[in-house]
Amino acid sequence: MFSWILRGCRDECSASDQLKQARDVFVAKEAVLQKKISQEMERAKEFTKSGNKQAAMQCLKRKKYYESQMSQTLLGSKRTSMTGIS
């Protein structure tokens with residue numbers, strides 16, 4: 001199911017190594033999404049100042065989408081961390 005997360009580890013990796021790798025992927029994805037959220041917020045502010053409300057609304061919709069992706073990522077990382085690997 002999560003084979004896309006564990007690309008680097010094959011049969012030679014232990015379960016704890018695979019979980020650590022999955023946690024690292026989740027952390028990296030969270031950082032990227034956080035950056036995208038802040039970029040969209042800045043763009044929305046710029047469009048609002050220039051009077052382009054439609055473009056500002058599109059930025060806010062993308063921001064909301066990125067936030068939903070972030071919550072899904074956080075749920076996945078919580079599942080990974082509940083296994084006791086830190």
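**Aromatic pair, salt bridges and helical framework**

Tyr65 counts as partly exposed, at 49% relative accessibility, in a model that is predicted. With exposed defined as over 50% relative accessible area, the value of 49% leaves Tyr65 in the partly exposed class. Tyr66, by contrast, has a relative accessible area of 15% and is therefore buried, the cut-off for that class being under 20%. The count of aromatic pairs comes to 1. This pair is formed by Tyr65 and Tyr66, whose ring centres are 5.9 Å apart and whose planes enclose an angle of 55°, an arrangement classed as tilted. The tilted class applies because planes over 60 degrees apart would count as edge-to-face and planes under 30 degrees apart as stacked, whereas the angle computed for Tyr65 and Tyr66 is 55°.

The secondary structure of the chain comes to 2 helices and 0 strands. Helix α1 spans residues 15-50, and helix α2 spans residues 53-81. The 36 residues of α1 reach 53 Å from the first C-alpha to the last, which is close to the 52 Å expected at 1.5 Å a residue. The helix is followed by Gly51, which has a positive phi, near 90°. The buried residues of α1 are Ala22, Phe26, Leu33, Ile37, Glu40 and Ala44, so that a residue with a carboxyl side chain, Glu40, stands in this set with a relative accessible area of 7%.

For the chain as a whole, buried residues make up 21% of the 86 residues. About 6500 Å² of surface is exposed, of which carbon and sulfur atoms supply 55%. Among contacts with a separation of 6 or more, 53% are accounted for by residues 24 or more positions apart. A pair of residues distant in sequence is given by Arg23 and Arg79, which are 56 residues apart along the chain and have their C-alpha atoms separated by 9.7 Å. Arg79 has its place in helix α2 and is exposed, with a relative accessible area of 54%, whereas Arg23 is partly exposed, at 29% relative accessibility.

The count of salt bridges comes to 4. Side chains of opposite charge can pair when their charged atoms come close. Arg23 takes part in one of these bridges, with Asp24 as partner and an N to O distance of 3.9 Å; this value falls within the 4 Å limit that the assignment requires. Asp24 is partly exposed, with a relative accessible area of 45%, and the 29% relative accessibility of Arg23 places this partner in the partly exposed class as well.

A further salt bridge joins the side chains of Glu40 and Arg43, with an N to O distance of 3.6 Å. The two residues are 3 residues apart in helix α1 and are therefore separated by about one helical turn. Glu40 is buried, with a relative accessible area of 7%, while Arg43, at 35% relative accessibility, counts as partly exposed. Glu40 and Arg43 are linked with Arg62 in a network of salt bridges. When residues up to four places away in sequence are not counted, Glu40, which is found in helix α1, touches Cys59, Arg62, Lys63 and Tyr66. The contacts of Glu40 thus include Tyr66, the buried member of the tilted aromatic pair.

Lys63, another residue touched by Glu40, forms a salt bridge with Glu67, in which the closest N and O atoms are 2.9 Å apart. Glu67 and Lys63 are 4 residues apart in helix α2, and about one helical turn therefore separates them. The relative accessible area of Lys63 is 19%, so that this residue is buried under the 20% cut-off, whereas Glu67, with a relative accessible area of 35%, is partly exposed.

On the surface, a nonpolar patch of about 240 Å² is made by Met41, Met57 and Leu60. Leu60 is found in helix α2 and counts as partly exposed, at 35% relative accessibility. Because membership of a patch requires over 30% relative accessible area, the value of 35% is consistent with the place of Leu60 in this group.

Note on methods. Residues numbered from 1 in each chain as written. Predicted model: local features only at pLDDT ≥ 70, side-chain atom pairs only at ≥ 80, totals over all residues. Heavy atoms only, no water. Buried < 20%, exposed > 50% of the residue type's maximum accessible area, 1.4 Å probe, protein only. Phe/Tyr/Trp six-rings, centres within 6.5 Å; stacked < 30°, edge-to-face > 60°. Contact = heavy atoms within 4.5 Å. Patch = residues over 30% accessible without salt bridge, like charges linked within 9 Å, V, L, I, M, F, W, Y side chains within 5 Å. Areas by Shrake-Rupley, 256 points an atom, 1.4 Å probe, with all protein chains shown as cover. Expected span 1.5 Å × (residues − 1).
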